[in-house]
Amino acid sequence: MRQPVCSRTTCRRPRRISNSESTRLRRCLLSGFGGDSVVVCLLRAEPTILFTQRSHMHHHDQTPNAHMKHCLDACSTCAQVCDRCADDMIGMEGGSHKELQDLCIRLCQDCADLCTLSVRWMSRLSPSVELLCRACAEMCDRCASVCEQHSPHHPLCGDCAVECRRCAAVCREMAAAVA
């Protein structure tokens, strides 16, 4: 959320506005200010911050379908598991499998980032969801392959690989559903 222009503490709280201010605000909003963020208007020569509720309007007024909800859940879970797996490996003694461990950490972090990005794009019903879901499926498969190789050395890698494979399958279904 953006910070208010005015540094006075009273400007940080919403206040009730009069009918004339409401009319001026509507004109302000209709002229291009607004959206999902904080609106700052000068009414009565006094900065006032009005908090608007986040709009849930989506691309062409669509709503998430069953495929998308399933994919949102799978990507969110996969991101959490990958983050936990990578965090747990950082600082572990690598021994003879140090290179594999380092690759596994990086791929888990990349996979978590891409899954999180996929959740964000799907949540806003981006028209590019198909492209990102295909990329997410490929990344999940890469991460799963390396985690499977590293699982004898790190118990969380086995769970991570299973979750990555599940997410990859769901992302492919999602990409096919929106194609």
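A residue counts as partly exposed when its relative accessible area lies between the buried class, under 20%, and the exposed class, over 50%. In this predicted model, R166 falls into that middle group, with a relative accessible area of 35%. Its salt-bridge partner is E163, and the closest N and O atoms of the two are 2.8 Å apart. E163 has 13% relative accessibility, so this residue counts as buried, because the cut-off for buried is under 20%. Both residues sit in helix 5, three residues apart, which makes about one helical turn between them.

That pair belongs to a bigger story about charges. Side chains of opposite charge can pair when their charged atoms come close. How many salt bridges does the structure hold? The count is six. Another of them joins E130 to R134, with 3.0 Å between the closest N and O atoms. Here, too, both partners share a helix: E130 and R134 lie four residues apart in helix 4, or about one turn. Neither end of this pair is buried, as E130 is partly exposed at 28% relative accessible area and R134 is partly exposed at 39%.

The salt bridge between E148 and R165 also has its closest N and O atoms 3.0 Å apart. This one ties together distant parts of the chain, with E148 in helix 4 and R165 in helix 5, 17 residues apart. E148 is partly exposed at 39% relative accessibility, and R165 is partly exposed as well, at 31%. These two residues don't work as an isolated couple: D141, E148, R165 and R172 are linked in a network of salt bridges.

Next up is how the helices pack. Helix 3 (residues 98-123) and helix 5 (residues 155-178) have axes that come within 12 Å and cross at roughly 35°, and the crossing is left-handed. Which residues make the contact? On helix 3 they are C104, C108, C111, C115 and M122, and on helix 5 they are C157, C160, C164, C167 and M174. Sorted by class, this contact has ten nonpolar residues, with no polar and no charged ones.

Helix 2 (residues 66-89) and helix 4 (residues 129-150) make a crossing of their own, again at roughly 35° with axes that come within 12 Å. This crossing is left-handed. From helix 2, C71, C75, C78, C82, C85 and M89 meet a set from helix 4 made up of C133, C136, C140, C143, C147 and H150. The tally by class is eleven nonpolar residues, one polar and no charged.

With cysteines turning up in both contacts, it is natural to ask about bonds between them. A disulfide is a covalent bond between the sulfur atoms of two cysteines. How many disulfides does a search of the whole structure find? The answer is zero. Take C136, whose closest cysteine sulfur is in C115, 3.7 Å away, too far for a bond because a disulfide needs the two sulfur atoms within 2.5 Å. C164 tells a similar tale: its sulfur is 3.5 Å from the closest cysteine sulfur, in C82, so this gap is also too far for a bond. C136 is buried, at 0% relative accessible area, and C164 counts as buried at 0% relative accessibility too.

Note on methods
Residues numbered from 1 in each chain as written. Predicted model: local features only at pLDDT ≥ 70, side-chain atom pairs only at ≥ 80, totals over all residues. Heavy atoms only, no water. Axes fitted to C-alpha atoms, helices over the stretch in contact; angles between N-to-C directions. Helix = DSSP H or I, 4+ residues; strand = E, 2+ residues; numbered from the N terminus. Left-handed = near helix turned anticlockwise from the far one by under 90°. Contact = heavy atoms within 4.5 Å. Nonpolar A, V, L, I, M, F, W, Y, C, P; charged D, E, K, R; others polar. Buried < 20%, exposed > 50% of the residue type's maximum accessible area, 1.4 Å probe, protein only. Salt bridge = Lys/Arg side-chain N within 4 Å of Asp/Glu carboxyl O.
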